[in-house]
Amino acid sequence: MPNIAVLAGDGIGREIVPQAVETLKLIATKYKHEFEFTEALVSEDAYEKYGHPLPPQTLEVCKQSDAVLLGAVGSPKMDQLPPKLRPERAALLPLRKELGLYANLRPVIVYDVLVDASTLKPEIVKGVDILTFRELTGGLYFGSKKRATLADGTEEAVDTLVYNTKEIERIVRLAFEAAHARRKKLTSVDKANVLESSRLWRETVIKIASEYPDVELNHMYVDNCAMQLVRWPAQFDVIVTENMFGDILTDQASMLTGSLGMLASASIGGNVALYEPAHGSAPDIAGQNLANPLATILSAAMMLRYSFKLEREASAIENAVRQVLTDGYRTADIMAEGCQKIGTKEMGAMVRAKL
Ligand code: NAD
């Protein structure tokens, strides 16, 4: 029986995660699966009880599980703590590292009924359905860093950008597999005209491409990709890129959909994968039944697809979300004229009703 670790975290995490859990429970009943849920504390609750935002008990629950569902971390109280105890640094990064999550997947889907929610023109974002693969444990963020004072007193700082073929191969293969199962188009983003690490990235991608003859591969420089994402985003199917380029491009791509509340994500690579909405804990709306739970519910759908290979069940959730939106129900963040505004709990219940 798959065991799911449930870490609601802070702020709206406590409201949206229960909606995703209830949705998974309904899937279990409807499709005759059994899921076990184990709750664990992270961030503020964990700090208050155990003195650390990621106590060993929580890490153990995650390691022993088959998948982790995380809400969000970050609260005004935790923001007052010294940097080494802040939840992003002391909980999120170590959790990803301990679980060996080297690939971050973020689907960017613009639902037809939400085309007006984007800051871009409807005709530009209509039909956008992109899956981005960002390398998560290598590159500039993890390479050695140093500071020095030069002879003339000038301060110098160095960050090192390192990749090896193994690190590149494993994420590029995942991206090719995904493209093979989708519209068979992969865009590899690099800066091979300038960076040696990008030249190795490109050579490795080309080598692996021979294993996927049905996937159309193209290479794009990162600066061009940033421009193409706002010029003609519908040209992309699957994008794969290194850590820092991915960090920037995925946030840019997320705004094609208009609301952070719609964006799911999965971090995979180790034995246990982590599923979480792309947004934070939104303290400004926490506890008011205002948060959009769809990103978390869609993250649960990704869990079914990637961790449990339950494609039919994952699609059922995605279709239910689409239907609720088509019927005109909206949380405040995606509200539009002529639609009916509903709260977090009601949105969760609507999705389950469609299931
Ligand atoms: P945020 O994503 O929490 O919120 C940004 C804006 O989007 C806010 O106006 C918020 O109300 C809105 N929003 C976010 N999710 C929403 C949803 N589901 N429904 C409706 N509206 C939504 O980012 P922030 O305000 O910069 O950060 C708040 C806290 O979250 C900080 O402590 C930050 O460090 C943390 N954070 C955590 C994560 C994470 O857990 N992965 C990611 C980003 C930020």
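Analyst: For relative accessible area, buried means under 20%, exposed means over 50%, and partly exposed is in between. The model shown here is predicted.

User: Why is Arg173 called partly exposed?

Analyst: Arg173 has a relative accessible area of 31%. That value is between 20% and 50%, so Arg173 is partly exposed.

User: What makes the pair Glu211 and Arg173 a salt bridge?

Analyst: The side chains of Glu211 and Arg173 meet with N and O 2.6 Å apart. The cut-off is 4 Å between a side-chain nitrogen of Lys or Arg and a carboxyl oxygen of Asp or Glu, so this pair qualifies. Arg173 sits in helix H7 (residues 165-181) and Glu211 in the loop between H8 and strand S9 (216-221), so the pair ties together parts that are 38 residues apart in sequence. Elsewhere, Asp129, Arg182, Arg183 and Asp237 form one network, joined by salt bridges that share partners.

User: Why does Glu211 count as partly exposed?

Analyst: The relative accessibility of Glu211 is 43%. This is over 20% and not over 50%, so partly exposed is the right label for Glu211.

User: How do you know that Lys77 and Glu48 form a salt bridge?

Analyst: The N to O distance between their side chains is 2.2 Å, and this is within 4 Å, so the pair of Lys77 and Glu48 counts. Glu48 belongs to helix H2 (residues 44-50) and Lys77 to helix H4 (residues 76-79), so the bridge ties together parts that are 29 residues apart in sequence. Lys77 is partly exposed at 42%, and Glu48 is partly exposed at 49%.

User: What distance separates the closest N and O atoms of Asp10 and Arg14, and why is that a salt bridge?

Analyst: The closest N and O atoms of Asp10 and Arg14 are 3.8 Å apart. That is within 4 Å, so the pair meets the cut-off. The relative accessibility of Asp10 is 1%, which is under 20%, so Asp10 is buried. Arg14, with a relative accessible area of 40%, is partly exposed.

User: How many salt bridges does a search of the whole structure find?

Analyst: The search finds 23 salt bridges.

User: Is Ser198 buried or exposed, and what makes it so?

Analyst: Ser198 has a relative accessibility of 4%, which is under 20%, so Ser198 is buried. Ser198 lies in helix H8 (residues 196-209). Leaving out residues up to four places away in sequence, Ser198 touches Asp190, Lys191, Ala192 and Phe245. A polar atom of its side chain is 2.9 Å from the backbone nitrogen of Lys191.

User: Why is Tyr221 called partly exposed?

Analyst: At 32% relative accessibility, Tyr221 is between the limits of 20% and 50%, so the term applies. Tyr221 is in strand S9. Residues in contact with Tyr221, beyond four places away in sequence, include Val189, Asn193 and Arg202.

User: What makes the pair of Asp284 and the ligand a polar contact?

Analyst: A polar side-chain atom of Asp284 is 2.9 Å from an oxygen atom of the ligand. The limit is 3.5 Å for a pair of N or O atoms, so this is a polar contact. The ligand taken alone exposes 800 Å², and the protein buries 68% of that.

User: Which of the residues around the ligand come nearest?

Analyst: Of the 21 residues around the ligand, Glu88, Gly280, Ala282, Asp284 and Asn292 come nearest. By class, this shell holds nine nonpolar, seven polar and five charged residues.

Terms used
Residues are numbered from 1 along each chain as its sequence is written. This is a predicted model: local features need pLDDT of at least 70, side-chain atom pairs count only at pLDDT 80 or more; totals for chains, interfaces and linings use all residues. Side-chain values use heavy atoms; hydrogens and water are left out. A residue is near a molecule or strand if one of its heavy atoms lies within 4 Å of it. A polar contact is a pair of N or O atoms within 3.5 Å; within protein, one must be able to donate a hydrogen and the other to accept it, and residues adjacent in sequence count only if both atoms are side-chain atoms. Accessible areas come from the Shrake-Rupley method with a 1.4 Å probe; for residues, only the protein chains shown count as cover. Ala, Val, Leu, Ile, Met, Phe, Trp, Tyr, Cys and Pro count as nonpolar, Asp, Glu, Lys and Arg as charged, and the others, Gly among them, as polar. Helices (H or I, at least four residues) and strands (E, at least two) are DSSP runs, numbered from the N terminus. Buried means under 20% relative accessible area, exposed over 50%, partly exposed in between (1.4 Å probe, protein chains only). Contact means heavy atoms within 4.5 Å.
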